[in-house]
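Please work through the following exercises with the sequence and the model side by side. Attempt each task before reading its solution.

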Amino acid sequence: MFIVLLGPPGAGKGTQAQRIADATKLLHISTGDMFRENVKAGTELGKLANEYMAKGELVPDEVTIGMLLERISRPDAAKGAMFDGFPRNVAQAFALDQALAGKGARIDHALLISVADDELIARLGGRWICRNCGRLYHERNDPPKREGICDACGGELYQREDDRPAVVSARLEKQKPPGALIEHYRQAGVLKEIDGQQPLDAVTRALLEAIT
Ligand code: ADP
Ligand code: ADP
Ligand code: ZN
């Protein structure tokens, strides 16, 4: 099964992808996480991507698509995956469709998580991430048991540079799923819209229901 999670920055894609991966054992592929790993490792890809990420802009398609196609060519992605943060536009969606068609597969579900802007700002402003395992937290909505420490692995929590207010407003302006992207999946008959403004567990239940 291949799934795409669509939604604006802060909608809950990463959090829900982690929960669905735990529940279903489906492989979770996050292009944002892949870029951040490259930035941390100081690779050429990371240096290039960071110029865009720091400004709240999308990394150019040729870079992003190349990285994603390489990732799904690996054996662990042969039978299924859940894409979080990809595709962000129609060109990326076509590239993904074509790659899956080459394996005799297709996107089975496109799950659009909708959340209002004021809530997105509050979510991004309070987001904390484990430096070690990538688990997501929110200082009010989903706090760790011990402040600054990951429940899952004991790692240190940090806030993303691009979650600062100035960059958040650029991301909300430039990175909402375009209408044409949503239409692409609606026309393929796989689009389902989920109210992302519900509590975390309710969103997880709605998503699991949508894919079973
Ligand atoms: P969020 O989950 O907060 O929306 P991500 O972690 O998905 O953010 O992405 C972080 C940054 O990585 C984005 O602001 C963008 O610069 C880059 N990025 C991630 N995925 C893509 C993509 N599919 N296309 C282009 N840029 C991307
Ligand atoms: P995205 O990957 O779409 O950018 P995240 O999954 O990183 O979004 O979530 C952004 C922030 O909002 C995180 O701090 C997360 O803990 C919090 N969050 C996610 N879903 C909910 C929800 N349903 N209710 C309250 N807070 C949420
Ligand atoms: Zn951790």
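The exercises below treat two ligands, a sheet and a pair of residues in turn.

This is a predicted model, in which local features need pLDDT of at least 70 and side-chain atom pairs count only at pLDDT 80 or more, while totals for chains, interfaces and linings use all residues. Residues are numbered from 1 along each chain as its sequence is written, chains are lettered from A and ligands numbered from 1 in the order in which they are written, and side-chain values use heavy atoms, with hydrogens and water left out.

**Exercise 1. The surroundings of ligand 2**

Task: Determine which residues are closest to ligand 2, and state how much of its accessible area the protein covers.

Solution.
Step 1. A residue is near a molecule if one of its heavy atoms lies within 4 Å of it. There are 18 residues around ligand 2, and the closest are Gly10, Lys13, Thr15, Arg127 and Tyr137.
Step 2. By class, this shell holds seven nonpolar, eight polar and three charged residues. Here Ala, Val, Leu, Ile, Met, Phe, Trp, Tyr, Cys and Pro count as nonpolar, Asp, Glu, Lys and Arg as charged, and the others, Gly among them, as polar.
Step 3. Turn to individual atoms. An N or O atom in the side chain of Arg127 is 2.6 Å from an oxygen atom of ligand 2. For a backbone N or O atom of Tyr137, the distance to an oxygen atom of ligand 2 is 2.7 Å.
Step 4. On its own, ligand 2 has 560 Å² of accessible area, of which the protein covers 94%. Such areas come from the Shrake-Rupley method with a 1.4 Å probe; for residues, only the protein chains shown count as cover.

**Exercise 2. The sheet**

Task: Identify which strands stand at the edges of the sheet.

Solution.
Step 1. Strands (E, at least two residues) and helices (H or I, at least four) are DSSP runs, numbered from the N terminus. Two strands pair if DSSP finds at least two bridges between them.
Step 2. The open sheet has three strands in the order β6-β5-β7, with antiparallel pairing. β6 and β7 (157–158) are at the edges with a single partner strand each, so one side of each has no neighbour in the sheet.
Step 3. Three bridges join β5 (residues 127–130) to β6. Within β6, Tyr137 is the bridge partner of Trp128.

**Exercise 3. The surroundings of ligand 1**

Task: State which helix supplies the largest share of the shell around ligand 1.

Solution.
Step 1. Around ligand 1 there are 19 residues, and Thr31, Arg36, Glu57, Arg171 and Gln175 come nearest.
Step 2. Helix α2 (residues 31–41) gives the largest share of this shell, with four residues.
Step 3. A polar side-chain atom of Thr31 is 2.8 Å from a nitrogen atom of ligand 1. An N or O atom in the side chain of Arg171 lies 2.5 Å from an oxygen atom of ligand 1. The protein buries 97% of the 550 Å² that ligand 1 exposes when taken alone.

**Exercise 4. Val59 and Thr64**

Task: Decide whether Val59 is buried or exposed.

Solution.
Step 1. Val59 is found in the loop between α3 (44–53) and α4 (61–72), whereas Thr64 is in helix α4.
Step 2. Buried means under 20% relative accessible area, exposed over 50%, and partly exposed in between (1.4 Å probe, protein chains only). Val59 has a relative accessible area of 7% and is therefore buried. Thr64, at 5%, is buried.
Step 3. The backbone oxygen of Val59 is 3.3 Å from a polar atom of the side chain of Thr64.

How values were computed
A polar contact is a pair of N or O atoms within 3.5 Å; within protein, one must be able to donate a hydrogen and the other to accept it, and residues adjacent in sequence count only if both atoms are side-chain atoms.
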